[in-house]
Amino acid sequence: MVAPQPSRPSDAEVLDAIVIGGGPAGLSAALVLGRCLRRVLVCDAGHPRNEPARIFNGFLSRDGSTPAEFLQICRDQLRRYETIEFRKVKVVDVERGDRRFTAILETGEHVAGRMLLLATGLVDELPQIENFRQFYGSTAHNCPYCDGWECRGQPIAVIGCNQESLDLAVELLLWSKDLVLCTNGALTVGRKAVETIKQLGIRIIETPIALLEGAGDKLEGIRFTDGSFLPRSALFFSPGQYQRSPLAEQLGCEFCEGSNCIQCGEDTATNIPGVYAAGNASRGVQLVIAAAAEGMQAAFAINSALLDADAASNALRDHEPGQPAPADRITRQSKGGIA
């Protein structure tokens, strides 16, 4: 017996936008679109990049919040907007049609939308050091803007052997002068860079690291393979990163040269008509408040593109607010993409 195929959404079921990713960028975009009476589905797999963090900082009015607390407040505030739906579900694929995008959920459902926002974020590549995850998010960090203030004046280690790690060590001098660069092997930078680090009073240890030691999530120090021990109360590292979701690549989005960020314009539009990107997936500044701002910016761009399309086709005049334009009035527009 042939299994029934998932039903395809009818034209009447086409949403204004599908937001993939329910972090600060995706939820911020949904808020603005919901206030514009746009029908929006937010799909979130439930694993934000800052999930391991004990707290996050630098967000005015939410400084020192936990990631879970912040996201719950955001979701609670979206509940009063009847045109927004939030679902904890993974989007496994997206199909591009002539007049829509169809998101295929892990449940097998197909959901159609006129616009698509990718707010799927990045994944950090953690150092392969024994016990590292025990301290990650509490006393092992990757962003001094997020956690440097809490570590001010403390003995800090920077782990890494490349130029990014050296730059991070220099940056951390703002918060502490007791810095040691632990390369966990040979440095991969030139002599001039090493001389700069030494002139700034930053000690370098190239001995490979055996493990991190401490009680609970409180780092006490670094044990090296030669048996020596370096007392430290915090460490920072500069991680490699990759896109959490393959959807951008599958859709044909272009990426920034030299990074894994989705390339987009100031209005957050990608090279694929109708596809926008916001948050860590598309920007170098990886702060919660920046992601929220980019989500708002994406919502403005998406709503403007929908307005342009509906005004050109007279659908804006005829259709009921909060409902998608009639299928026979939906046309492909040169600005903003598929609408």
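Is D178 buried, partly exposed or exposed? With a relative accessibility of 36%, D178 counts as partly exposed, where buried means under 20% relative accessible area, exposed means over 50%, and partly exposed covers the range in between, computed with a 1.4 Å probe on protein chains only. The model is predicted, so that local features need pLDDT of at least 70 and side-chain atom pairs count only at pLDDT 80 or more, whereas totals for chains, interfaces and linings use all residues. Residues are numbered from 1 along each chain as its sequence is written, and side-chain values use heavy atoms, with hydrogens and water left out.

Side chains of opposite charge can pair when their charged atoms come close. A search of the whole structure finds nine salt bridges, a salt bridge being a side-chain nitrogen of Lys or Arg within 4 Å of a carboxyl oxygen of Asp or Glu. One of them joins the side chains of R232 and D178, at 3.1 Å from N to O. This pair links distant parts of the chain, 54 residues apart, with R232 in the loop between β14 (229-231) and β15 (234-237) and D178 in the loop between α5 (163-171) and β10 (179-182); the helices (H or I, at least four residues) and strands (E, at least two) are DSSP runs, numbered from the N terminus. R232 is buried, at a relative accessible area of 7%, while its partner D178 is partly exposed.

Another salt bridge is formed by E213 and R223, whose closest N and O atoms are 2.9 Å apart. Here E213 belongs to strand β12 (residues 209-215) and R223 to strand β13 (residues 218-224), ten residues apart. E213 is partly exposed at 23% relative accessibility, and R223 is partly exposed with a relative accessible area of 27%.

A further salt bridge brings together the side chains of R114 and D310, at 2.6 Å from N to O. R114 lies in strand β6 (residues 110-118) and D310 in helix α8 (residues 288-313), so the pair, 196 residues apart, links distant parts of the chain. R114 is buried, with a relative accessible area of 1%, and D310 is buried as well, with 2%. Both residues belong to a network of salt bridges that also links D16 and R38.

The residue R38 leads on to N303, which is placed in helix α8 and counts as buried at 13% relative accessibility. The side chain of N303 makes a polar contact with the side chain of R38, at 2.7 Å; a polar contact is a pair of N or O atoms within 3.5 Å, where within protein one must be able to donate a hydrogen and the other to accept it, and residues adjacent in sequence count only if both atoms are side-chain atoms. Leaving aside residues up to four places away in sequence, N303 touches L33, C36 and R38, contact meaning heavy atoms within 4.5 Å.

Aromatic rings offer another view. The whole structure holds seven aromatic pairs, in which rings of Phe, Tyr and Trp (its six-membered ring) have centres within 6.5 Å, with planes under 30 degrees apart counted as stacked, over 60 as edge-to-face and the rest as tilted. The rings of F56 and F70 have centres 5.2 Å apart and planes at 80 degrees, so this pair is edge-to-face. Both F56 and F70 are buried. The rings of F59 and F70, with centres 5.3 Å apart and planes at 55 degrees, form a tilted pair. Ring pairs thus link F56, F59 and F70 into a cluster.
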